[in-house]
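User: Please take a close look at the strands and their pairing, and then work outward to what surrounds them. I would like one connected account, with the individual residues named where they help me to find my way.

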Amino acid sequence: MRDVAIVSFAQHSQRREDSRNEIEILLPVIRDALAPIGLKTQDMGFTVSGSTDYLAGQAFAFVSALDAVGPWPPISESHVEMDGAFALYEAWVRLQHGDIDTALVYSFGKSSPGDVGRVLALQLEPYLLGPLWPDAVSLAALQARALLDSGKATEKDFARVVARSRRNARSNPFAQLQGDVDEAALLEEPLYADPFRLHDLPPVTDGAACIILAAGDRARELSDNPVWIKGIDHRIDLQAPGSRDLTVSPSTKLAAEKVGIPADVDLAEIHAPFSSQELILIEALGLDESKTAINPSGGALAANAVMVAGLQRFGEAFNRIQAGDGKNAVVHATGGPCLQQNLVAVLEAGK
Amino acid sequence: MSEEVLSAPHIMEFPYTRSTGPVVGAFLTGLRDQKVLGYQASDGRVMCPPPEFDAGTNAPVDAAGLVEVGAEGVVTSWSWNPVPRDGNPFDRPFAWALVKLDGADSSILHALDADRGAISTGMRVKVRWAEERVGFINDIACFEPA
């Protein structure tokens, strides 16, 4: 395999973008990712994005977002209707072909104008699930209940995840929810989407992210401290939520086995939009919370721009490794209802 | 000169049809006839609703081999939806439930018409059939306590 590294990352997210459209949100983010390495869009061997047209409610909305990149003269470009983390996977595969050395990955999502819970119902199987319009929160709540019923976790564990997220997010300028919260006080709040309390849900976020990948010596030219992708894999579980054990994540476990997570991994950025899901993923990834810092950015419970939050996990891990907070990291991204599809990667510092 | 405004009819349409396929189609036709069908998978488990492909062998499921399961079963998980949306089975806050029907080893998702305080995992529920059934998932109106 060809060595591929992250050489630059930029992001933006906030609770509600009132005046800027997706392209206007994206434009400075792409500029900020390109600036430190001194390259232009036209220098990229490949460009790929992850987003969902259903948020904009317009077919091929992702094509108009290319205006933020500047696709003239023509560029080599692709798109996935998934989180940007899966677009990054496509870029990694494209770089393995060996004929190009750089790739630009971006994603964007503006959820605030609509009802994101309902929009996400459109990704469901269209005959037996879709016509009932179960929203994303209700489905995740079914998974949380299964976890509670199994005895593997309690409401206190959910509150512990939320408190950690809020605490860690204090240092994240792009977080929507942050602060010192008392776990016991969280449990005194009323149930909302029973068994969830409101704080078990992610915030509604508008945002965008951009990552630049480079292969081998090109990465070393572009950055003094590139962060290498040592392994990356994604797997999927059965489509129907009722046909699988919702308390475990076999696809995450399998992807983790394929990439090989180091026993001494310093930090983990896990894409868990709901508190209960973080517990399932920590188990599937085989992480020891006493040794590995979990979601130092606050994770998706602190900022959850749909289709961006997974790619942001790569970027947050990249930032922390570059800052010297750790030598390596495990990164996770998810898609689909109840953690249906999962991507796992290992990042590492090195020349 | 005539002041007549020219006009032509315009019908918004979706000018093609989709098939639900042999397995989902058989399941939905079963609902129309108040029968719930499942598939006995290669690992011996009965999956309801039936998948289109066997998860163990990846082989296409033969609709002729579908088996009938009960219209009653147990709640394997449930959640409360405080914000009903267009298209949901109810226009008031209600519960979603995963229900393992008698004779099945997997669960089907639908709404459960019961008070929040009366719901628990393991409770017995039964299908409430829609009065008019057309071969659609909403032929099951919801589940209700058995």
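Analyst: Two strands are taken as paired here if DSSP finds at least two bridges between them. The model is a predicted one, and the account below should be read as a description of that prediction.

With that criterion, chain B has an open sheet of three strands in the order S2-S1-S3, and the pairing in this sheet is antiparallel. Strand S2 (46–47) and strand S3 (67–69) of chain B stand at the edges with a single partner strand each, so one side of each is left without a neighbour in the sheet. Strand S1 (residues 36–40) of chain B runs antiparallel to S3(B), and three bridges join the two. To locate this pairing in the structure, one can start from B:Leu37, whose bridge partner in S3(B) is B:Glu68.

Chain B has further antiparallel pairings, and strand S7 of chain B takes part in two that can be followed residue by residue. On S4(B), the antiparallel pairing with S7(B) extends over three bridges, and B:Gly73 has B:Val125 of S7(B) as its bridge partner. S7(B) also pairs in the antiparallel sense with strand S8 (residues 140–145) of chain B, over five bridges, and in this pairing B:Val127 stands opposite B:Phe143 of S8(B).

A side-chain link can be added to this part of chain B. B:Asp113 and B:Arg92 form a salt bridge, in which the closest N and O atoms are 2.7 Å apart. B:Asp113 lies in the loop between strand S6 (108–112) and strand S7 (124–129) of chain B, whereas B:Arg92 lies in the loop between strand S4 (72–81) and strand S5 (94–101), so the pair ties together parts that are 21 residues apart in sequence. Over all chains, the count of salt bridges by this rule comes to 29.

Turning to chain A, one finds an open sheet of ten strands, ordered S3-S2-S4-S5-S1-S6-S10-S9-S7-S8, with mixed pairing. Its edge strands are S3 (77–80) and S8 (293–294) of chain A, each of which pairs on one side only. Within this sheet, strand S1 (residues 4–14) and strand S5 (residues 206–215) of chain A run antiparallel and are joined by ten bridges, and A:Ala5 has A:Ala214 of S5(A) as its bridge partner.

Helix H12 (residues 309–322) of chain A lies across several strands, among them S1, S5 and strand S6 (227–236) of chain A, and runs at about 115° to S1(A). H12(A) also meets another helix: its axis and that of helix H4 (residues 84–96) of chain A come within 5 Å and cross at roughly 65°. A:Gly84, A:Ala85 and A:Leu88 of H4(A) make this contact with A:Gly310, A:Leu311 and A:Phe314 of H12(A). By class, the contact has four nonpolar, two polar and no charged residues.

Some backbone features of chain A lie in its loops. The peptide bond from A:Trp72 to A:Pro73 is cis, with omega near 0°, and A:Pro73 is placed in the loop between helix H3 (61–65) and S3 of chain A. The bond from A:Asp194 to A:Pro195 is likewise cis, with omega near 15°, and A:Pro195 is in the loop between helix H8 (183–187) and S5 of chain A. A:Trp133, although not a glycine, has a positive phi of about 55°, and it is found in the loop between H5 and H6 of chain A.

These two helices lead on to the interface of the chains, where 27 residues of chain A are in contact with 35 residues of chain B. The two chains bury about 2,600 Å² between them, with 61% of it on carbon and sulfur atoms. A:Tyr127, A:Leu128 and A:Leu132 supply 28% of the area that chain A buries against chain B, more than any other three residues. Three salt bridges are found across this interface, including one between A:Asp135 and B:Arg85, whose closest N and O atoms are 3.4 Å apart. There are also 13 residue pairs in polar contact across the interface, both residues being at pLDDT 80 or more. Helix H5 (116–119) and helix H6 (136–150) of chain A each supply at least two residues of the side that touches chain B, and the largest share, seven residues, comes from H6(A). By class, that side of chain A has 17 nonpolar, four polar and six charged residues.

Notes. Residues numbered from 1 in each chain as written. Chains lettered and ligands numbered in written order. Predicted model: local features only at pLDDT ≥ 70, side-chain atom pairs only at ≥ 80, totals over all residues. Heavy atoms only, no water. Helix = DSSP H or I, 4+ residues; strand = E, 2+ residues; numbered from the N terminus. Contact = heavy atoms within 4.5 Å. Axes fitted to C-alpha atoms, helices over the stretch in contact; angles between N-to-C directions. Buried area = accessible area lost by both parts, 1.4 Å probe. Salt bridge = Lys/Arg side-chain N within 4 Å of Asp/Glu carboxyl O. Polar contact = N/O pair within 3.5 Å; in protein donor to acceptor, adjacent residues only side chain to side chain. Nonpolar A, V, L, I, M, F, W, Y, C, P; charged D, E, K, R; others polar.
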